[in-house]
Amino acid sequence: MGDRETTNHSEVTDFILVGFRVRPELHILFFLLFLLVYAVILLGNVGMMAVIMTDPRLNTPMYFFLGNLSFIDLFYSSVIAPKAMINFWSESKSISFAGCVTQLFLFALFIVTEAFLLAAMAYDRFIAICDPLLYSVQMSTLLCIQLVAGSYFCGCISSVLLTSITFTLSFCASRAIDHFYCDSRPLQRISCSDLYFYKIVFFSLSSSIILPTIIVIIVSYMFIVSTVLKIHSTEGRKKAFSTCSSHLGVVSVLYGAAFFMYLTPDRFPELSKVASLCYTLVTPMLNPLIYSLRNNDVKEALRKILNRVLDIDNNL
């Protein structure tokens with residue numbers, strides 16, 4: 001049996017990404033929609049990184065984390081969107097075995113890194129609001145770098161483990177992945193291996209990522225809310241909540257979709273695709289819009305850059 005599974009596994013040279021089960025004439029609509037969203041992702045996240053790097057006033061821990069968030073959003077959406085758009089035009093919709101491994105590895109790396117980075121951002125907001133006098137001391141440059149590096153380290157370890165256990169499975173049942181990118185759950189469906197041990201490891205890995213990070217976020221915001229409610233001034237409360245509402249919105253979308261995708265029974269493939277859209281394309285598109293539109297410092301920095309560009313044009 002082991003020889004048969006090894007043989008079947010080695011015979012798989014490519015997969016078919018089924019994508020969305022819609023009429024062929026709708027593929028052009030999906031292509032245009034993906035193209036529009038991806039263009040907004042590129043413009044928004046590259047713009048956010050440029051603003052943060054060029055404006056000295058944004059040289060703070062919060063914007064350091066936000067710049068890294070934009071970097072992560074830009075790259076993991078780039079792992080998914082271009083291939084999905086190509087497949088809307090292609091008849092074969094194939095992806096090589098190596099391409100599938102690479103896509104799963106990079107996506108898992110960036111999405112897990114983002115989960116830990118959001119937890120670090122929640123801790124940053126907790127220190128800023130609950131202990132503002134010691135904020136500059138506690139959130140030192142070294143600590144910020146360590147938190148970001150730790151997020152990438154956790155993402156890398158999780159990605160290596162997930163990719164390794166997924167591609168040790170045998171795929172003799174079918175080459176057709178019922179999804180628009182290579183993800184672990186759709187790959188499980190086409191495996192002919194015994195999935196008992198795999199599902200235990202997969203659930204444990206997912207839980208070890210989602211639960212600790214969400215606990216840090218929840219506990220941080222419990223202290224934040226408690227502190228804000230003690231502020232007597234209405235304006236002070238409004239300002240404190242304003243700095244946190246953007247982060248909470250991002251967390252809600254990402255974790256809600258991830259919880260549905262990875263910690264619930266895999267019975268509704270089409271709903272899983274919609275949930276995947278939330279964190280592969282919708283969240284990376286909304287993040288820079290949410291943070292820029294609700295942040296006066298970012299809006300002011302954008303205004304200065306635009307004025308500088310207009311002055312250059314006028315001089316020419």
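In this predicted model, helices α6 (residues 141-166) and α8 (residues 196-229) run past each other with their axes coming within 11 Å and crossing at roughly 165 degrees. Since angles over 145 degrees count as roughly antiparallel, that crossing makes α6 roughly antiparallel to α8. The handedness can be read off too: α6 passes α8 in a left-handed crossing.

A second helix pair tells a similar story. Helix α3 (residues 61-89) packs against helix α4 (residues 97-130) at an angle of about 160 degrees, and the two axes sit 9 Å apart. These helices are therefore roughly antiparallel to each other as well, and α3 goes past α4 in a left-handed crossing. Helix α3 also carries Asp73, which counts as buried because its relative accessibility is 0%. From Asp73 to Glu114, the C-alpha to C-alpha separation is 8.0 Å in space, although their positions lie 41 residues apart in sequence numbering.

Stepping back to the whole protein chain, there are eleven helices and three strands. Going along the sequence, these elements come in the order α-β-α-α-β-α-α-α-β-α-α-α-α-α. Of the 316 residues in the chain, 45% are buried.

Next come the charged contacts. Five salt bridges turn up in the model. One of them joins the side chains of Asp14 and Arg175, with an N to O distance of 2.5 Å. Asp14 belongs to strand β1 (residues 14-17), while Arg175 sits in the loop between α6 and β3 (176-177), so this pair ties together parts of the chain that are 161 residues apart in sequence. How covered are the two partners? Asp14 has a relative accessibility of 22% and so counts as partly exposed. Arg175, with a relative accessible area of 38%, is partly exposed too.

Asp178 is worth a look of its own, since it appears in a salt bridge with Arg21 and in another with Lys273. In the contact with Arg21, the closest N and O atoms are 3.5 Å apart. Asp178 is in the loop between β3 and α7 (184-189) and Arg21 is in the loop between β1 and α2, so the bridge ties together parts that are 157 residues apart in sequence. The two ends of this bridge fall into separate burial classes: Asp178 counts as buried because its relative accessibility is 15%, whereas Arg21, at 58%, counts as exposed.

For the contact between Asp178 and Lys273, the closest N and O atoms are 2.7 Å apart. This pair also links distant parts of the chain, from the loop between β3 and α7 that holds Asp178 to helix α10 (residues 269-293) that holds Lys273, a spacing of 95 residues. Here both partners, Asp178 and Lys273, are buried. Put together, the shared partners join Arg21, Asp178 and Lys273 into one salt-bridge network.

Away from the charges, the surface has a nonpolar patch of about 510 Å². Ile28, Leu29, Leu32, Leu35 and Trp89 make up this patch. Which element gives the largest share of the patch? Helix α2 (residues 27-54) does, with four residues. Leu29 is placed in α2, and it counts as exposed because its relative accessibility is 52%; the cut-off for that class is over 50%.

Helix α2 also holds Ala50. This residue has 32% relative accessibility, so it counts as partly exposed. Between Ala50 and Gly67 the C-alpha to C-alpha distance is 8.7 Å, with the two residues 17 apart in sequence.

Key
Residues are numbered from 1 along each chain as its sequence is written. This is a predicted model: local features need pLDDT of at least 70, side-chain atom pairs count only at pLDDT 80 or more; totals for chains, interfaces and linings use all residues. Side-chain values use heavy atoms; hydrogens and water are left out. Patches are made of residues with over 30% relative accessible area and no salt bridge: like charges are joined within 9 Å, nonpolar side chains (Val, Leu, Ile, Met, Phe, Trp, Tyr) within 5 Å. Accessible areas come from the Shrake-Rupley method with a 1.4 Å probe; for residues, only the protein chains shown count as cover. A salt bridge is a side-chain nitrogen of Lys or Arg within 4 Å of a carboxyl oxygen of Asp or Glu. Helices (H or I, at least four residues) and strands (E, at least two) are DSSP runs, numbered from the N terminus. Buried means under 20% relative accessible area, exposed over 50%, partly exposed in between (1.4 Å probe, protein chains only). Axes are lines fitted to C-alpha atoms, for helices over the stretch in contact, and angles run from 0 to 180 degrees between N-to-C directions. Angles under 35 degrees count as roughly parallel, over 145 as roughly antiparallel, 65 to 115 as roughly perpendicular and the rest as oblique. A crossing is left-handed if the near helix is turned anticlockwise from the far one by less than a right angle, and right-handed if clockwise.
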